[in-house]
Amino acid sequence: MSKARRGLWPAYRMPALLAAISLIGLVSALLEDGLFDVVSWVLLGAIVVAMRPALRR
């Protein structure tokens, strides 16, 4: 097996991580108020910050 064909996990690792973070942020915004709102703002803001370098290209 060559090194070029290692599987799909390296290609989908970051999108899967970003999807999980955004899902947790959206669910926490729906569940409760107060601390859950802060958690959702932080997690969803982290997604925007993570997308910023990709959008500059």
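# A walk along two helices

Leu 23 is found in helix α1, and that makes a handy place to begin our tour. Keep in mind as you look around that this is a predicted model. Is Leu 23 buried or exposed? Leu 23 counts as exposed, because its relative accessible area is 53% and the cut-off for that word is over 50%.

Now step back and look at the whole chain. Its secondary structure comes to two helices and zero strands. The radius of gyration is 15 Å, well over the 10 Å that the globule rule gives for 57 residues, so the chain is more spread out than a compact globule. You can also picture a box around the C-alpha atoms: along the principal axes, they fill roughly 50 × 25 × 10 Å.

What share of the 57 residues is buried? Buried residues make up 7% of the chain. The accessible surface comes to about 5,200 Å², and carbon and sulfur atoms account for 70% of that surface.

Let's return to Leu 23, which has some company. Together with Val 27, Leu 31 and Phe 36, Leu 23 makes a nonpolar surface patch of about 370 Å². Which helix gives the most to this patch? The answer is α1, with three residues.

One member of the patch, Val 27, has its place in helix α1. Val 27 is partly exposed, because its relative accessible area of 38% falls between the 20% and 50% cut-offs. Follow the chain from Val 27 to Ser 40 and you travel 13 residues, yet the C-alpha atoms of these two are separated by 7.9 Å.

Right beside Val 27 in the numbering comes Ser 28, also found in helix α1, which covers residues 9-31. Why is Ser 28 called buried? Its relative accessible area is 6%, and buried means under 20%, so Ser 28 qualifies. Who touches Ser 28, leaving aside its neighbours within four places in sequence? The contacts are Phe 36, Val 39 and Ser 40. For another distance, try Ile 47: Ser 28 and Ile 47 are 19 residues apart in sequence and 15 Å apart in space, C-alpha to C-alpha.

Ser 40 takes us into the other helix, α2, which spans residues 35-56. Ser 40 is buried too, with a relative accessible area of 5%. Again leaving aside neighbours within four places in sequence, Ser 40 is in contact with Gly 25, Ser 28 and Ala 29. So the contact between Ser 28 and Ser 40 links a residue of α1 with a residue of α2. What does the side chain of Ser 40 reach at 2.7 Å? That partner is the backbone oxygen of Asp 37.

Our last stop is Arg 52, which lies in helix α2 as well. Unlike the buried Ser 40, Arg 52 is exposed, with a relative accessible area of 53%. From Arg 52 to Ile 21 is a stretch of 31 residues along the chain, and their C-alpha atoms are separated by 16 Å.

Methods. Residues numbered from 1 in each chain as written. Predicted model: local features only at pLDDT ≥ 70, side-chain atom pairs only at ≥ 80, totals over all residues. Heavy atoms only, no water. Helix = DSSP H or I, 4+ residues; strand = E, 2+ residues; numbered from the N terminus. Buried < 20%, exposed > 50% of the residue type's maximum accessible area, 1.4 Å probe, protein only. Contact = heavy atoms within 4.5 Å. Rg over C-alpha atoms; globule rule 2.2 N^0.38 Å. Areas by Shrake-Rupley, 256 points an atom, 1.4 Å probe, with all protein chains shown as cover. Patch = residues over 30% accessible without salt bridge, like charges linked within 9 Å, V, L, I, M, F, W, Y side chains within 5 Å. Salt bridge = Lys/Arg side-chain N within 4 Å of Asp/Glu carboxyl O. Polar contact = N/O pair within 3.5 Å; in protein donor to acceptor, adjacent residues only side chain to side chain.
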